[in-house]
Amino acid sequence: MLELPVVRLDPDLPLPAYATPGDAGLDLCARHDAVLAAGGGRALVPTGVSVAIPEGHAGFVQPRSGLALRHGVTCLNTPGLIDSGYRGELKVLLVNTDPDEAFTVRRGERIAQLVVQRVEHVALVEVADLDQLGASARGEGGFGHTGR
């Protein structure tokens, strides 16, 4: 198991935690209340923690499915990338997609999940043509090329 150093910036909030055994994401809580206006209102919500993600890993902030389903609230830049060198407070950019109802984020509410994964660094090797590496069945097809 990977150890993740964490600094609790708000002593009254719980540390990020897995809700159930086997979960991939640690729940992140809101440090402050925030109001997300209907129809695209957004807020950068601090979580009250900072972490030191080990080199060779990255953190990915993901939305909570319940907030998205019940309220239309999600993360605007999902997944939010946290590089291993970042040491500031984790913050979540939330957006309210509900066209009619504002949403109030309450202090201590679970607002997102943090997934920590191993990542590889690559060395770019310039070539004249990617097909010289072998043909691909997909080729340049993208953005729905296989159908709806």
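The following exchange between a trainee and a mentor works through the sheets, the nonpolar core and the pockets of a predicted model.

Trainee: In what order do the four strands of the open sheet that holds S1 and S6 stand?

Mentor: The edges of this sheet are strand S1 (6-8) and strand S6 (73-75), each of which pairs on one side only. Pairing in this open sheet is antiparallel, and the twist averages 45° from one strand to the next. Read across the sheet, the order is S1-S4-S8-S6.

Trainee: Which residue of S4 is the bridge partner of Val6?

Mentor: Strands of a sheet pair through backbone hydrogen bonds, either parallel or antiparallel. Here S1 and S4 take the antiparallel sense, and three bridges hold the pair. Within S4, the residue that partners Val6 is Val51.

Trainee: How many bridges join S4 to S8?

Mentor: Two residue pairs give a picture of this pairing, for Leu44 has Leu93 of S8 as its bridge partner, while Arg42 stands opposite Val95 in S8. The two strands run antiparallel. The number of bridges that join S4 to S8 is six.

Trainee: Which residue of S8 is the bridge partner of Cys75?

Mentor: S6 is joined to strand S8 (residues 89-96) by three bridges, and the two run antiparallel. One of the partnerships between them sets Thr74 against Val95 in S8. For Cys75, the partner in S8 is Leu94.

Trainee: Why can strand S4 be called largely enclosed by the rest of the structure, and how many of its residues are buried?

Mentor: Buried here means under 20% relative accessible area. Strand S4 spans residues 42-51, and because most of its 10 residues meet that description, the strand is largely enclosed by the rest of the structure. The count of buried residues in S4 is eight.

Trainee: How many of the eight residues of S8 are buried?

Mentor: S8 pairs with S4 over six bridges and with S6 over three. The strand is described as mostly covered. Of its eight residues, the number buried is six.

Trainee: Which strands stand at the edges of the open sheet with the order S2-S10-S5-S7?

Mentor: This sheet has four strands with antiparallel pairing, and its neighbouring strands are turned by 35° against each other on average, direction ignored. An edge strand here has a single partner strand, so one side of it is left without a neighbour in the sheet. The strands in that position are S2 (26-29) and S7 (80-82).

Trainee: Over how many bridges do S5 and S10 pair?

Mentor: Strand S5 (residues 57-63) and strand S10 (residues 110-118) pair in the antiparallel sense. Among the residues set against each other, His57 stands opposite Arg118 in S10, and Gly59 has Val116 of S10 as its bridge partner. The pairing extends over a number of bridges that comes to seven.

Trainee: Which residue of S7 is the bridge partner of Phe60?

Mentor: S5 is mostly covered, with five of its seven residues buried. This strand pairs with S7 in the antiparallel sense over three bridges. In S7, the partner of Phe60 is Leu81.

Trainee: Which strand supplies the largest share of the largest nonpolar core?

Mentor: In soluble globular proteins, nonpolar side chains tend to be buried together. The largest nonpolar core in this model has 23 residues, and those with the most contacts inside it are Val61, Val92, Leu94, Val105 and Ile111. At least two residues each come from S2, strand S3 (34-36), S4, S6, S8, strand S9 (103-105) and S10. The largest share, four residues, comes from S4.

Trainee: How many charged residues does the lining of the largest pocket have?

Mentor: The largest pocket holds about 270 Å³ of space. Of the 13 residues that line it, the closest to its centre are Leu2, Glu3, Leu4, Tyr18 and Leu26. By class, 12 lining residues are nonpolar and none is polar, while the number that are charged is one.

Trainee: Which strand gives the largest share of the lining of the second largest pocket?

Mentor: The second largest pocket has a volume of about 190 Å³, and of its 14 lining residues the closest to the centre are Val61, Asn77, Ile82, Lys91 and Val92. This lining divides into nine nonpolar, three polar and two charged residues. S7 and S8 each supply at least two residues of the lining, and the largest share, five residues, comes from S8.

Technical notes: Residues are numbered from 1 along each chain as its sequence is written. This is a predicted model: local features need pLDDT of at least 70, side-chain atom pairs count only at pLDDT 80 or more; totals for chains, interfaces and linings use all residues. Side-chain values use heavy atoms; hydrogens and water are left out. Two strands pair if DSSP finds at least two bridges between them. Axes are lines fitted to C-alpha atoms, for helices over the stretch in contact, and angles run from 0 to 180 degrees between N-to-C directions. On a 1 Å grid over the protein atoms alone, a cavity is a set of points where a 1.4 Å probe fits but cannot get out, and a pocket is an open set with protein on both sides within 12 Å along at least five of seven lines; lining residues have an atom within 4 Å of a point. Grid points are joined across faces, edges and corners, and a volume is the space filled by probe spheres set on the points. Ala, Val, Leu, Ile, Met, Phe, Trp, Tyr, Cys and Pro count as nonpolar, Asp, Glu, Lys and Arg as charged, and the others, Gly among them, as polar. Buried means under 20% relative accessible area, exposed over 50%, partly exposed in between (1.4 Å probe, protein chains only). A nonpolar core is a set of buried Ala, Val, Leu, Ile, Met, Phe, Trp, Tyr and Cys residues joined through side-chain atoms within 4.5 Å.
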